[in-house]
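Walk through this model with an eye to its cysteines and its empty spaces. Start with the sulfurs, then turn to the pocket and the cavities.

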Amino acid sequence: MNFDTNRFDGVFTALVTPFRDGAVDVAAFEALVERQVAAGVAGLVAAGTTGEAATLRQHEIDDLVARTARIARGRSVVLAGVGTNDTRTTIEKARHAEAAGAEGLLVVTPYYNKPTQAGLVAHYGAVAGATGLPVMLYSVPGRCGIEIATDTCARLAERHANIVAIKEAGGSVERVTRIRRACGRDFPIHSGDDALTLPFLAAGAVGVTSVVSNVAPEGMVALVDAWRRGDAAAALARHEELAELTEMLFVEPNPVPAKAALSLAGLASAELRLPLTGMDPGNLERLAAAVSRYRAATASAPAAA
């Protein structure tokens, strides 16, 4: 397993999946991928939870991963979201992703089942043992009902050479410190909450797997880049610039507002697959205002150094 964990440094965009008339809008998706790469994102997650993976058919997932790999290869790292609440299905998806050209896997905790920590060790161990790709763990208790304990993370990293990073979306900056203590300072941690990107970086995370970067990739890249070059003031300014937009992109379940914002920009349809439905009109109006203010602010801001 030759994956350089330094490649996790920076912004990874959790891509939305554009739809039109019930089908994947391939042209819009490819344009979104190219826009992300051009903005300088370090990585892309295709067919992840933000991409409505639970509603995608396997042939759609394979195609999305393959297209992302073809466009981004050599410019941004390509991860595939393969997590489900069935270990056998997750392994099948991991093998499909590897065949489609993914460079790594993002594996969310099994949802609804609420396995014990022993169950998580067995689940992730089985997935890691079935693929040669690097695995990024994904802990998001608010959506899945279960958290990867820090000692579980450490046990998995110790037992499986290809379990190499974690996306932490539990809403606690303290978790960064605990994971670093358990897994070592060289184990990459991503913020899974856009609003906590800056405090996570300050606590030792190396990047963010971002929803906001679907809409504002340059802004998220500028925030992380500023922190990495040691310009805390510039990073804070970018954080504050993005704050209202970030808040509005999570006013309803992800990816509903993100797709609405992309639609407002003419970049993709706001279409979703059930059981997700479109935004409340009042929230949509507030989102449109936030997008407009963000554009005005960035248009008048001086270029980043």
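The count of disulfides in this predicted model is zero. One cysteine to look at is C153, which is in no disulfide. The nearest cysteine sulfur to that of C153 belongs to C183, 3.2 Å away. Why is there no bond between them? A disulfide needs two cysteine sulfur atoms within 2.5 Å. The sulfur of C183 has its closest cysteine sulfur in C153, and 3.2 Å is too far for a bond.

Are these two cysteines buried or exposed? C153 has a relative accessibility of 1%, so C153 counts as buried. C183 has 19%. The cut-off for buried is under 20%, so C183 counts as buried too.

Now move to the open space. The largest pocket has a volume of about 820 Å³. Its lining takes in 38 residues, and the closest to the pocket centre are T49, T50, Y138, R143 and N254. Two elements that each supply at least two lining residues are β6 (104-108) and α5 (141-144). What is the chemical make-up of this lining, by nonpolar, polar and charged residues? Nonpolar residues number 19, polar residues eleven and charged residues eight.

Next come the enclosed spaces. The structure holds two cavities of 30 Å³ or more.

The largest cavity encloses about 40 Å³ of space. Three elements each give at least two residues to its lining: α2 (58-72), β5 (77-81) and α3 (87-100). Which of them gives the largest share? That is α2, with four residues. The residues to pick out around this cavity are Q58, I61, D62, V65, A80, G81, V82, K93, H96 and A97. Sorted by class, five of the lining residues are nonpolar, three are polar and two are charged.

The second largest cavity holds about 30 Å³ of space. Its lining consists of A14, V45, G48, T49, T50, L106, K167 and T209. Here three residues are nonpolar, four are polar and one is charged.

Finally, return to T49 and T50. Both line the second largest cavity. Both are also among the residues closest to the centre of the largest pocket. Select this pair in the viewer, and the pocket and the cavity can be examined together.

Methods:
Residues numbered from 1 in each chain as written. Predicted model: local features only at pLDDT ≥ 70, side-chain atom pairs only at ≥ 80, totals over all residues. Heavy atoms only, no water. 1 Å grid on protein atoms, 1.4 Å probe; cavity = no way out; pocket = protein on both sides within 12 Å on 5 of 7 lines; lining within 4 Å. Points joined across faces, edges and corners; volume = space filled by probe spheres on them. Nonpolar A, V, L, I, M, F, W, Y, C, P; charged D, E, K, R; others polar. Buried < 20%, exposed > 50% of the residue type's maximum accessible area, 1.4 Å probe, protein only.
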